[in-house]
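Student: I'm new to this one, so please take me slowly through a single part. Show me how that part fits into the rest as well.

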Amino acid sequence: MSREPAVIGLGRTAMSIRPGGTASGLAVEALQAALADAGLSRADVDGLLVGSSQGVRPDRVGVTLAQQAGLRDLRLLEHVEIKGATTVAMLERARLAIRAGMARTVVCVFADAPISSGGGAGSTYARSGGNSGTRGLERASGVLGSVPTYALLAQRWLAVTGGDPGSLCEVALTARAWASHNPEAVQREPLDAEAYYASPLVSTPLRRLDCARPVNGAAAVVVSAAGEGPRIRGVGRDHPVRRRRAGGESWFGGGRRALDDALGEAGMTRGDLDVLELYDPFTIVTLCLLEEYGFCEPGKAGPLVSSGALAPGGTLPTNTGGGQLSGFYLQGMTPLVEAIVQLRGEGGERQVPGARTALVGGIGGRLDHHACLILEAA
Amino acid sequence: MSVDWLLDDSLAPSIEDDVLGELYRGAARGELVLPFCATCELPLEPEQLVCDGCGAAGPVWRPVPLHGHVHTVTVVHRLERGLVRSTEPYPVADVELASGHRLVLTAVAPGAPPSIGDPVSIGFRHLGGVAVPAFEVSVAANAKESR
(Lines give C-alpha, C1' and ligand atoms only; values in the text may rest on other atoms or scores of the structure.)
Protein backbone atom coordinates (compact mmCIF):
# COMPACT_ATOMS: atom_id res chain seq x y z
CA MET A 1 0.00 0.00 0.00
CA SER A 2 1.33 3.43 -0.90
CA ARG A 3 2.02 5.91 1.85
CA GLU A 4 -0.65 8.25 3.08
CA PRO A 5 -0.34 11.79 1.73
CA ALA A 6 1.47 14.16 4.06
CA VAL A 7 1.90 17.87 4.49
CA ILE A 8 5.45 18.28 3.22
CA GLY A 9 5.62 22.06 3.04
CA LEU A 10 4.27 25.01 4.98
CA GLY A 11 4.49 28.66 4.02
CA ARG A 12 2.94 31.80 5.35
CA THR A 13 3.27 35.51 5.06
CA ALA A 14 3.68 37.88 7.96
CA MET A 15 0.28 38.33 9.60
CA SER A 16 -0.51 42.03 9.51
CA ILE A 17 -3.16 43.98 11.36
CA ARG A 18 -2.37 47.02 9.22
CA PRO A 19 -3.46 47.78 5.66
CA GLY A 20 -1.20 46.42 3.00
CA GLY A 21 -1.04 43.72 0.38
CA THR A 22 -3.69 42.20 -1.80
CA ALA A 23 -5.12 38.74 -1.21
CA SER A 24 -3.59 37.50 -4.47
CA GLY A 25 -0.16 38.96 -3.72
CA LEU A 26 -0.20 37.44 -0.26
CA ALA A 27 -1.37 34.09 -1.65
CA VAL A 28 1.53 33.98 -4.11
CA GLU A 29 4.00 34.81 -1.34
CA ALA A 30 2.66 32.01 0.88
CA LEU A 31 2.64 29.54 -2.02
CA GLN A 32 6.26 30.28 -2.87
CA ALA A 33 7.25 29.96 0.78
CA ALA A 34 5.52 26.59 1.03
CA LEU A 35 7.32 25.29 -2.06
CA ALA A 36 10.66 26.52 -0.73
CA ASP A 37 9.92 24.84 2.60
CA ALA A 38 9.21 21.58 0.77
CA GLY A 39 12.29 21.94 -1.40
CA LEU A 40 10.18 21.98 -4.55
CA SER A 41 9.81 24.29 -7.52
CA ARG A 42 6.80 25.55 -9.47
CA ALA A 43 7.30 22.82 -12.04
CA ASP A 44 6.69 20.14 -9.38
CA VAL A 45 3.19 21.41 -8.68
CA ASP A 46 0.38 19.72 -10.55
CA GLY A 47 -2.52 20.61 -8.28
CA LEU A 48 -3.72 23.87 -6.79
CA LEU A 49 -6.64 24.34 -4.42
CA VAL A 50 -7.65 27.85 -3.47
CA GLY A 51 -9.66 29.04 -0.49
CA SER A 52 -10.76 32.59 0.10
CA SER A 53 -12.77 34.73 2.42
CA GLN A 54 -16.36 35.25 1.39
CA GLY A 55 -15.99 38.29 -0.77
CA VAL A 56 -15.66 40.97 1.89
CA ARG A 57 -13.12 42.57 -0.43
CA PRO A 58 -13.16 42.71 -4.22
CA ASP A 59 -9.70 41.12 -4.63
CA ARG A 60 -10.83 37.69 -3.44
CA VAL A 61 -8.50 34.96 -4.65
CA GLY A 62 -9.75 32.26 -7.00
CA VAL A 63 -8.51 29.90 -9.67
CA THR A 64 -6.79 32.84 -11.38
CA LEU A 65 -4.17 32.36 -8.68
CA ALA A 66 -2.65 29.60 -10.84
CA GLN A 67 -1.78 32.19 -13.47
CA GLN A 68 -0.77 34.81 -10.92
CA ALA A 69 1.65 32.33 -9.33
CA GLY A 70 3.17 31.37 -12.66
CA LEU A 71 1.95 27.78 -12.50
CA ARG A 72 1.15 25.74 -15.62
CA ASP A 73 -0.09 22.38 -16.80
CA LEU A 74 -2.05 21.55 -13.67
CA ARG A 75 -4.10 18.38 -13.37
CA LEU A 76 -6.19 19.72 -10.49
CA LEU A 77 -7.36 23.31 -10.04
CA GLU A 78 -10.34 24.28 -7.90
CA HIS A 79 -11.70 27.06 -5.75
CA VAL A 80 -13.00 25.29 -2.64
CA GLU A 81 -15.73 27.02 -0.69
CA ILE A 82 -17.51 25.82 2.41
CA LYS A 83 -16.80 28.88 4.50
CA GLY A 84 -14.63 28.27 7.56
CA ALA A 85 -14.47 24.54 6.90
CA THR A 86 -12.72 25.19 3.58
CA THR A 87 -9.14 24.53 4.70
CA VAL A 88 -9.86 21.05 6.01
CA ALA A 89 -11.90 20.37 2.88
CA MET A 90 -8.95 21.43 0.72
CA LEU A 91 -6.65 18.96 2.47
CA GLU A 92 -9.27 16.25 2.13
CA ARG A 93 -9.66 17.07 -1.56
CA ALA A 94 -5.88 17.05 -2.06
CA ARG A 95 -5.57 13.68 -0.39
CA LEU A 96 -8.36 12.17 -2.48
CA ALA A 97 -6.85 13.53 -5.68
CA ILE A 98 -3.43 12.12 -4.81
CA ARG A 99 -4.86 8.75 -3.85
CA ALA A 100 -6.86 8.64 -7.07
CA GLY A 101 -3.81 9.46 -9.15
CA MET A 102 -5.20 12.77 -10.37
CA ALA A 103 -2.28 14.74 -9.05
CA ARG A 104 0.98 14.16 -7.17
CA THR A 105 1.83 17.47 -5.56
CA VAL A 106 -1.04 19.69 -4.51
CA VAL A 107 -0.71 23.15 -2.99
CA CYS A 108 -3.58 24.41 -0.83
CA VAL A 109 -3.66 28.18 -0.34
CA PHE A 110 -5.83 30.57 1.64
CA ALA A 111 -5.44 34.34 1.61
CA ASP A 112 -7.40 37.21 3.02
CA ALA A 113 -6.93 40.98 3.14
CA PRO A 114 -9.90 42.49 4.98
CA ILE A 115 -7.96 45.47 6.31
CA SER A 116 -7.81 48.39 3.91
CA SER A 117 -6.74 51.99 4.28
CA GLY A 118 -10.46 52.84 4.30
CA GLY A 119 -11.08 51.10 7.62
CA GLY A 120 -10.33 48.22 9.95
CA ALA A 121 -11.50 44.67 9.56
CA GLY A 122 -14.56 45.26 11.75
CA SER A 123 -15.71 47.97 9.41
CA THR A 124 -15.03 45.81 6.36
CA TYR A 125 -17.14 42.98 7.76
CA ALA A 126 -19.90 45.37 8.91
CA ARG A 127 -20.15 46.72 5.37
CA SER A 128 -20.22 43.35 3.62
CA GLY A 129 -23.08 40.93 3.24
CA GLY A 130 -25.38 42.69 0.81
CA ASN A 131 -29.01 43.70 1.01
CA SER A 132 -30.74 40.61 -0.32
CA GLY A 133 -32.23 37.44 1.08
CA THR A 134 -32.27 36.51 4.76
CA ARG A 135 -28.93 38.23 5.24
CA GLY A 136 -30.42 41.42 3.80
CA LEU A 137 -33.24 41.32 6.36
CA GLU A 138 -30.77 40.67 9.15
CA ARG A 139 -28.57 43.57 8.07
CA ALA A 140 -31.65 45.78 7.84
CA SER A 141 -32.24 44.73 11.46
CA GLY A 142 -28.80 45.87 12.62
CA VAL A 143 -26.90 42.58 12.35
CA LEU A 144 -23.74 44.09 10.87
CA GLY A 145 -20.74 41.80 10.61
CA SER A 146 -20.72 38.43 12.34
CA VAL A 147 -20.32 39.49 15.97
CA PRO A 148 -24.05 40.01 16.73
CA THR A 149 -24.83 36.57 15.34
CA TYR A 150 -22.34 34.85 17.63
CA ALA A 151 -23.44 37.11 20.49
CA LEU A 152 -26.97 35.76 20.02
CA LEU A 153 -25.53 32.24 20.11
CA ALA A 154 -23.54 33.04 23.25
CA GLN A 155 -26.54 34.47 25.07
CA ARG A 156 -28.62 31.45 24.22
CA TRP A 157 -25.85 29.03 25.16
CA LEU A 158 -25.28 30.70 28.51
CA ALA A 159 -29.02 30.67 29.24
CA VAL A 160 -29.60 27.04 28.23
CA THR A 161 -26.49 25.52 29.81
CA GLY A 162 -26.53 27.74 32.87
CA GLY A 163 -22.95 28.58 31.94
CA ASP A 164 -20.90 31.25 33.67
CA PRO A 165 -20.22 34.26 31.41
CA GLY A 166 -16.81 34.36 33.09
CA SER A 167 -15.93 31.29 30.99
CA LEU A 168 -15.68 33.58 27.97
CA CYS A 169 -12.97 35.52 29.80
CA GLU A 170 -11.18 32.29 30.69
CA VAL A 171 -11.09 31.27 27.03
CA ALA A 172 -9.67 34.66 26.04
CA LEU A 173 -7.00 34.54 28.74
CA THR A 174 -6.04 30.97 27.84
CA ALA A 175 -5.65 31.87 24.17
CA ARG A 176 -3.51 34.85 25.12
CA ALA A 177 -1.33 32.73 27.40
CA TRP A 178 -0.44 30.55 24.40
CA ALA A 179 -0.06 33.54 22.07
CA SER A 180 2.43 35.19 24.39
CA HIS A 181 4.89 32.46 23.36
CA ASN A 182 4.12 32.68 19.63
CA PRO A 183 6.17 35.27 17.76
CA GLU A 184 3.65 35.12 14.88
CA ALA A 185 0.67 36.01 17.08
CA VAL A 186 -0.66 39.51 16.54
CA GLN A 187 -1.72 39.94 20.19
CA ARG A 188 0.99 38.78 22.58
CA GLU A 189 0.96 41.29 25.41
CA PRO A 190 -0.06 39.80 28.77
CA LEU A 191 -3.79 39.79 29.43
CA ASP A 192 -5.56 39.51 32.77
CA ALA A 193 -9.22 39.51 33.74
CA GLU A 194 -9.15 43.20 34.57
CA ALA A 195 -7.91 44.09 31.09
CA TYR A 196 -10.43 41.69 29.56
CA TYR A 197 -13.34 43.34 31.35
CA ALA A 198 -12.02 46.76 30.37
CA SER A 199 -12.31 45.71 26.72
CA PRO A 200 -15.32 47.38 25.10
CA LEU A 201 -18.52 45.43 24.52
CA VAL A 202 -19.20 44.78 20.85
CA SER A 203 -22.45 42.88 21.23
CA THR A 204 -23.43 41.49 24.63
CA PRO A 205 -21.89 39.35 26.04
CA LEU A 206 -19.01 39.55 23.56
CA ARG A 207 -16.27 42.12 24.09
CA ARG A 208 -13.61 43.08 21.62
CA LEU A 209 -11.30 40.54 23.29
CA ASP A 210 -13.88 37.79 22.69
CA CYS A 211 -13.42 38.30 18.96
CA ALA A 212 -10.70 37.06 16.64
CA ARG A 213 -8.26 39.54 15.19
CA PRO A 214 -8.49 39.46 11.37
CA VAL A 215 -5.25 39.95 9.48
CA ASN A 216 -4.04 40.58 5.99
CA GLY A 217 -2.12 37.41 5.34
CA ALA A 218 -1.95 34.04 3.66
CA ALA A 219 -0.88 30.49 4.35
CA ALA A 220 -0.16 27.58 2.05
CA VAL A 221 0.65 23.91 2.46
CA VAL A 222 2.04 21.34 0.04
CA VAL A 223 0.40 17.91 0.15
CA SER A 224 2.14 14.94 -1.43
CA ALA A 225 2.62 11.21 -0.96
CA ALA A 226 6.35 11.73 -1.47
CA GLY A 227 8.37 13.56 1.14
CA GLU A 228 8.30 13.90 4.89
CA GLY A 229 5.81 15.72 7.06
CA PRO A 230 2.75 15.27 9.23
CA ARG A 231 0.50 12.62 7.69
CA ILE A 232 -3.20 13.01 7.07
CA ARG A 233 -4.59 10.18 9.16
CA GLY A 234 -8.27 10.92 9.12
CA VAL A 235 -10.89 13.35 7.90
CA GLY A 236 -14.53 13.69 8.87
CA ARG A 237 -17.19 16.03 7.60
CA ASP A 238 -20.73 16.78 8.64
CA HIS A 239 -23.16 19.29 7.27
CA PRO A 240 -26.30 19.16 9.40
CA VAL A 241 -27.95 21.81 7.16
CA ARG A 242 -29.51 24.50 9.25
CA ARG A 243 -33.27 24.66 9.57
CA ARG A 244 -34.14 27.37 12.03
CA ARG A 245 -37.49 26.75 13.59
CA ALA A 246 -39.26 27.57 16.79
CA GLY A 247 -38.45 24.88 19.33
CA GLY A 248 -35.04 24.15 17.80
CA GLU A 249 -31.72 25.23 19.23
CA SER A 250 -29.16 27.69 17.91
CA TRP A 251 -26.71 24.83 17.63
CA PHE A 252 -27.59 21.58 15.93
CA GLY A 253 -24.80 19.06 16.10
CA GLY A 254 -22.62 17.65 13.39
CA GLY A 255 -19.23 18.30 14.98
CA ARG A 256 -19.23 15.13 17.02
CA ARG A 257 -19.91 12.97 13.99
CA ALA A 258 -17.24 14.75 11.96
CA LEU A 259 -14.71 14.08 14.72
CA ASP A 260 -15.89 10.49 15.25
CA ASP A 261 -15.43 9.81 11.54
CA ALA A 262 -11.98 11.38 11.46
CA LEU A 263 -10.87 9.44 14.56
CA GLY A 264 -12.42 6.27 13.20
CA GLU A 265 -10.43 6.52 10.01
CA ALA A 266 -7.26 7.25 11.99
CA GLY A 267 -7.94 4.35 14.36
CA MET A 268 -7.68 6.74 17.30
CA THR A 269 -9.77 7.95 20.20
CA ARG A 270 -10.10 11.42 21.68
CA GLY A 271 -7.57 10.44 24.32
CA ASP A 272 -4.95 9.84 21.61
CA LEU A 273 -4.93 13.49 20.57
CA ASP A 274 -1.94 15.44 21.87
CA VAL A 275 -3.04 18.92 20.77
CA LEU A 276 -6.38 20.38 19.75
CA GLU A 277 -6.40 23.18 17.21
CA LEU A 278 -9.96 24.45 17.06
CA TYR A 279 -11.63 27.12 14.98
CA ASP A 280 -12.16 29.95 17.47
CA PRO A 281 -13.42 33.15 15.84
CA PHE A 282 -15.16 34.00 19.12
CA THR A 283 -14.59 32.75 22.67
CA ILE A 284 -18.07 31.20 22.71
CA VAL A 285 -17.12 28.92 19.82
CA THR A 286 -14.31 27.29 21.79
CA LEU A 287 -16.82 26.46 24.54
CA CYS A 288 -19.41 25.15 22.07
CA LEU A 289 -16.87 23.01 20.23
CA LEU A 290 -15.39 21.40 23.36
CA GLU A 291 -18.88 20.09 24.10
CA GLU A 292 -19.88 19.45 20.50
CA TYR A 293 -16.71 17.43 19.87
CA GLY A 294 -17.27 15.47 23.07
CA PHE A 295 -14.22 16.57 25.04
CA CYS A 296 -16.52 17.20 28.00
CA GLU A 297 -20.10 16.64 29.03
CA PRO A 298 -22.72 19.17 27.91
CA GLY A 299 -22.53 22.25 30.12
CA LYS A 300 -19.04 21.41 31.37
CA ALA A 301 -16.90 23.36 28.90
CA GLY A 302 -16.60 26.32 31.27
CA PRO A 303 -15.26 24.26 34.17
CA LEU A 304 -12.91 22.44 31.76
CA VAL A 305 -11.39 25.76 30.66
CA SER A 306 -11.25 27.03 34.26
CA SER A 307 -9.36 23.89 35.29
CA GLY A 308 -6.44 25.01 33.15
CA ALA A 309 -6.56 21.86 31.03
CA LEU A 310 -6.44 23.85 27.78
CA ALA A 311 -3.63 26.16 28.88
CA PRO A 312 0.16 25.76 28.59
CA GLY A 313 1.13 22.80 30.76
CA GLY A 314 -2.46 21.50 30.79
CA THR A 315 -3.69 18.01 29.95
CA LEU A 316 -5.60 19.09 26.82
CA PRO A 317 -3.40 21.71 25.11
CA THR A 318 -5.75 23.68 22.88
CA ASN A 319 -5.11 26.41 20.32
CA THR A 320 -1.46 26.38 21.19
CA GLY A 321 -0.54 29.34 19.02
CA GLY A 322 -3.20 31.57 20.55
CA GLY A 323 -5.85 30.49 18.06
CA GLN A 324 -7.74 32.97 15.95
CA LEU A 325 -8.49 34.97 19.08
CA SER A 326 -4.96 36.08 19.95
CA GLY A 327 -2.85 34.46 17.23
CA PHE A 328 -4.26 35.53 13.90
CA TYR A 329 -7.57 35.05 12.11
CA LEU A 330 -6.89 33.33 8.83
CA GLN A 331 -10.00 31.17 8.97
CA GLY A 332 -9.23 27.43 8.73
CA MET A 333 -5.54 28.01 8.09
CA THR A 334 -5.03 29.22 11.67
CA PRO A 335 -5.57 25.81 13.33
CA LEU A 336 -3.86 23.94 10.45
CA VAL A 337 -0.69 26.05 10.58
CA GLU A 338 -0.37 25.60 14.33
CA ALA A 339 -0.96 21.84 14.12
CA ILE A 340 1.86 21.51 11.58
CA VAL A 341 4.17 23.69 13.68
CA GLN A 342 3.51 21.51 16.73
CA LEU A 343 3.90 18.21 14.89
CA ARG A 344 7.17 19.37 13.36
CA GLY A 345 8.37 20.32 16.84
CA GLU A 346 8.87 23.92 15.76
CA GLY A 347 6.75 25.55 18.45
CA GLY A 348 9.68 27.03 20.35
CA GLU A 349 8.58 28.23 23.78
CA ARG A 350 5.03 27.07 23.14
CA GLN A 351 5.98 23.61 21.89
CA VAL A 352 3.91 20.89 23.52
CA PRO A 353 6.48 18.25 24.50
CA GLY A 354 6.11 15.07 22.50
CA ALA A 355 3.14 16.24 20.44
CA ARG A 356 2.60 13.59 17.77
CA THR A 357 -1.09 13.85 16.97
CA ALA A 358 -3.27 16.87 16.36
CA LEU A 359 -6.89 17.65 15.69
CA VAL A 360 -7.61 20.46 13.25
CA GLY A 361 -11.23 21.50 13.61
CA GLY A 362 -13.01 23.62 11.03
CA ILE A 363 -16.44 25.15 11.19
CA GLY A 364 -18.27 27.10 8.54
CA GLY A 365 -21.18 29.50 8.67
CA ARG A 366 -22.85 29.59 12.05
CA LEU A 367 -21.78 26.09 13.11
CA ASP A 368 -23.44 24.94 9.86
CA HIS A 369 -20.47 23.00 8.50
CA HIS A 370 -18.02 20.82 10.37
CA ALA A 371 -14.75 19.39 9.10
CA CYS A 372 -12.20 17.60 11.27
CA LEU A 373 -8.70 16.56 10.29
CA ILE A 374 -6.34 14.32 12.22
CA LEU A 375 -2.63 14.77 11.56
CA GLU A 376 0.19 12.60 12.88
CA ALA A 377 3.86 13.56 13.05
CA ALA A 378 6.17 11.95 10.50
CA MET B 1 -40.63 59.77 4.23
CA SER B 2 -40.04 58.90 7.88
CA VAL B 3 -36.50 58.13 8.95
CA ASP B 4 -35.69 54.88 10.74
CA TRP B 5 -34.59 55.26 14.37
CA LEU B 6 -31.70 52.85 13.96
CA LEU B 7 -30.10 52.51 10.56
CA ASP B 8 -29.10 54.41 7.48
CA ASP B 9 -31.30 54.06 4.41
CA SER B 10 -28.46 52.38 2.53
CA LEU B 11 -29.23 49.23 4.53
CA ALA B 12 -32.77 49.02 3.14
CA PRO B 13 -33.33 45.51 1.76
CA SER B 14 -33.50 45.03 -1.97
CA ILE B 15 -37.07 44.08 -2.81
CA GLU B 16 -36.87 43.70 -6.58
CA ASP B 17 -36.75 39.98 -7.37
CA ASP B 18 -35.69 39.23 -3.81
CA VAL B 19 -36.41 35.84 -2.27
CA LEU B 20 -38.06 37.79 0.57
CA GLY B 21 -40.20 39.90 -1.82
CA GLU B 22 -43.43 38.40 -0.47
CA LEU B 23 -42.35 39.31 3.06
CA TYR B 24 -41.65 42.95 2.16
CA ARG B 25 -44.86 43.32 0.13
CA GLY B 26 -46.80 41.92 3.07
CA ALA B 27 -44.96 44.16 5.51
CA ALA B 28 -46.03 47.19 3.46
CA ARG B 29 -49.63 46.11 4.22
CA GLY B 30 -48.85 45.61 7.91
CA GLU B 31 -48.80 41.83 7.59
CA LEU B 32 -46.03 39.34 8.35
CA VAL B 33 -45.95 36.95 5.43
CA LEU B 34 -43.79 33.82 5.65
CA PRO B 35 -43.34 30.56 3.73
CA PHE B 36 -44.91 27.18 4.51
CA CYS B 37 -44.80 23.86 2.75
CA ALA B 38 -47.85 23.74 0.48
CA THR B 39 -48.34 20.07 1.27
CA CYS B 40 -47.46 19.40 4.91
CA GLU B 41 -47.70 22.98 6.32
CA LEU B 42 -44.19 22.87 7.81
CA PRO B 43 -42.84 26.40 8.37
CA LEU B 44 -39.89 26.88 6.00
CA GLU B 45 -36.82 29.09 5.88
CA PRO B 46 -37.19 31.95 3.40
CA GLU B 47 -34.57 30.48 1.06
CA GLN B 48 -36.07 26.97 1.06
CA LEU B 49 -37.55 25.83 -2.24
CA VAL B 50 -38.24 22.23 -1.19
CA CYS B 51 -39.69 21.11 2.13
CA ASP B 52 -37.14 19.24 4.24
CA GLY B 53 -40.00 17.38 5.91
CA CYS B 54 -42.07 15.89 3.08
CA GLY B 55 -40.00 16.86 0.06
CA ALA B 56 -42.75 18.84 -1.66
CA ALA B 57 -41.58 21.70 -3.88
CA GLY B 58 -43.06 25.16 -4.03
CA PRO B 59 -43.57 26.99 -0.72
CA VAL B 60 -46.65 29.09 -0.17
CA TRP B 61 -46.35 32.44 1.57
CA ARG B 62 -49.13 33.57 3.84
CA PRO B 63 -49.76 35.94 6.74
CA VAL B 64 -48.92 34.65 10.22
CA PRO B 65 -49.95 35.84 13.68
CA LEU B 66 -47.98 38.86 14.83
CA HIS B 67 -46.58 37.38 18.00
CA GLY B 68 -43.88 35.12 19.37
CA HIS B 69 -41.23 35.00 22.04
CA VAL B 70 -37.54 35.72 22.36
CA HIS B 71 -35.23 32.77 21.58
CA THR B 72 -32.12 34.83 22.29
CA VAL B 73 -31.23 38.51 22.43
CA THR B 74 -28.13 40.70 22.34
CA VAL B 75 -27.45 44.40 22.67
CA VAL B 76 -25.17 45.69 19.93
CA HIS B 77 -22.70 48.27 21.19
CA ARG B 78 -20.64 48.70 18.04
CA LEU B 79 -22.24 51.60 16.20
CA GLU B 80 -20.78 51.43 12.71
CA ARG B 81 -20.22 54.95 11.46
CA GLY B 82 -22.31 55.81 8.43
CA LEU B 83 -24.58 52.77 8.86
CA VAL B 84 -25.99 53.11 12.38
CA ARG B 85 -27.91 56.30 13.13
CA SER B 86 -28.57 55.51 16.78
CA THR B 87 -26.05 56.89 19.24
CA GLU B 88 -27.04 54.29 21.84
CA PRO B 89 -26.57 50.50 21.86
CA TYR B 90 -29.52 48.70 20.26
CA PRO B 91 -31.19 45.31 20.76
CA VAL B 92 -31.26 42.45 18.27
CA ALA B 93 -33.40 39.39 19.03
CA ASP B 94 -33.87 36.01 17.44
CA VAL B 95 -37.65 35.65 17.67
CA GLU B 96 -39.52 32.34 17.67
CA LEU B 97 -42.83 33.16 16.03
CA ALA B 98 -46.08 31.46 16.90
CA SER B 99 -46.12 30.22 13.29
CA GLY B 100 -42.97 28.18 13.98
CA HIS B 101 -40.64 30.44 12.01
CA ARG B 102 -37.64 32.27 13.44
CA LEU B 103 -36.52 35.76 12.47
CA VAL B 104 -33.64 37.90 13.69
CA LEU B 105 -35.05 41.39 14.21
CA THR B 106 -34.42 44.62 16.01
CA ALA B 107 -36.97 46.62 17.98
CA VAL B 108 -39.69 48.83 16.49
CA ALA B 109 -38.40 51.70 18.62
CA PRO B 110 -35.53 52.33 21.04
CA GLY B 111 -35.99 50.94 24.54
CA ALA B 112 -34.85 48.37 27.05
CA PRO B 113 -34.09 44.96 25.52
CA PRO B 114 -36.37 42.00 26.27
CA SER B 115 -35.10 38.85 27.99
CA ILE B 116 -34.95 35.33 26.62
CA GLY B 117 -38.43 33.83 26.78
CA ASP B 118 -40.26 37.16 26.84
CA PRO B 119 -43.34 37.38 24.65
CA VAL B 120 -43.07 39.91 21.84
CA SER B 121 -45.38 41.19 19.16
CA ILE B 122 -44.35 42.04 15.63
CA GLY B 123 -44.60 45.54 14.22
CA PHE B 124 -42.79 47.29 11.40
CA ARG B 125 -40.00 49.82 10.86
CA HIS B 126 -39.58 51.77 7.67
CA LEU B 127 -36.08 51.80 6.26
CA GLY B 128 -35.43 53.65 3.03
CA GLY B 129 -39.05 53.22 2.01
CA VAL B 130 -39.13 49.48 2.79
CA ALA B 131 -41.30 48.13 5.61
CA VAL B 132 -39.22 45.74 7.74
CA PRO B 133 -40.62 43.55 10.53
CA ALA B 134 -39.43 44.36 14.05
CA PHE B 135 -40.29 43.19 17.52
CA GLU B 136 -42.16 45.07 20.17
CA VAL B 137 -41.97 44.02 23.79
CA SER B 138 -45.56 42.95 24.26
CA VAL B 139 -48.03 44.36 26.75
CA ALA B 140 -47.89 41.13 28.72
CA ALA B 141 -44.12 41.42 29.11
CA ASN B 142 -44.41 45.07 30.12
CA ALA B 143 -46.96 44.14 32.75
CA LYS B 144 -44.59 41.49 34.09
CA GLU B 145 -41.82 44.09 34.15
CA SER B 146 -43.83 46.65 36.11
CA ARG B 147 -44.98 44.24 38.78
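Tutor: Let's start with some vocabulary: helices (H or I, at least four residues) and strands (E, at least two) are DSSP runs, numbered from the N terminus. What you see is a predicted model, where local features need pLDDT of at least 70, side-chain atom pairs count only at pLDDT 80 or more, and totals for chains, interfaces and linings use all residues. Residues are numbered from 1 along each chain as its sequence is written, while chains are lettered from A and ligands numbered from 1 in the order in which they are written.

Chain B has 2 helices and 7 strands, and from its N terminus the elements go α-β-β-β-β-β-β-β-α. Its C-alpha trace spans about 45 × 40 × 25 Å along the principal axes. Of its 147 residues, 41% count as buried (20 or more other C-beta atoms within 10 Å of a residue's own; 12 or fewer make it exposed, anything in between partly exposed, with C-beta atoms placed from the backbone).

Chain A has 13 helices and 11 strands. Its C-alpha trace spans about 55 × 45 × 40 Å along the principal axes, and 58% of its 378 residues count as buried. Two residues are in contact if their C-beta atoms, placed from the backbone, lie within 7 Å. Among contacts in chain A between residues at least 6 apart in sequence, 77% join residues at least 24 apart; for chain B, counted among contacts between residues at least 6 apart, that share is 55%.

Now for the close-up: strand S10 of chain A, which covers residues 357-364. The strand is mostly covered, with 7 of its 8 residues buried. S10(A) has pairing partners, where pairing takes at least two DSSP bridges between two strands. One partner is strand S9 (residues 275-277), which runs parallel to S10(A) and is joined to it over 3 bridges. If you want a spot to look at, find A:Glu277, which sits opposite A:Val360 of S10(A).

Another partner is strand S11 (residues 369-376), and this time the pairing is antiparallel, over 8 bridges. Here A:Gly364 faces A:His369 of S11(A). S10(A) and S11(A) form a hairpin with 4 residues between the strands, and in it A:Gly365 adopts a positive phi near 65°.

Stepping back along the chain from there, you reach helix H13 (residues 333-343), where 11 of 11 residues are buried. Among them are A:Met333, A:Pro335, A:Glu338, A:Ile340 and A:Leu343. Another glycine with a positive phi turns up after H13(A): A:Gly345, near 70°.

For a covered-up spot elsewhere in chain A, try A:Val109. Setting aside neighbours within four places in sequence, A:Val109 is in contact with A:Ala27, A:Ala30, A:Leu31, A:Val50, A:Gly51, A:Leu65, A:Ala218 and A:Ala220.

Finally, the two chains touch: the contact takes 33 residues from chain A and 38 residues from chain B. On the chain A side, helices H4 (121-127), H5 (133-139) and H6 (147-161) and strand S5 (201-203) each give at least two residues. H6(A) provides the largest share of that side, with 7 residues.
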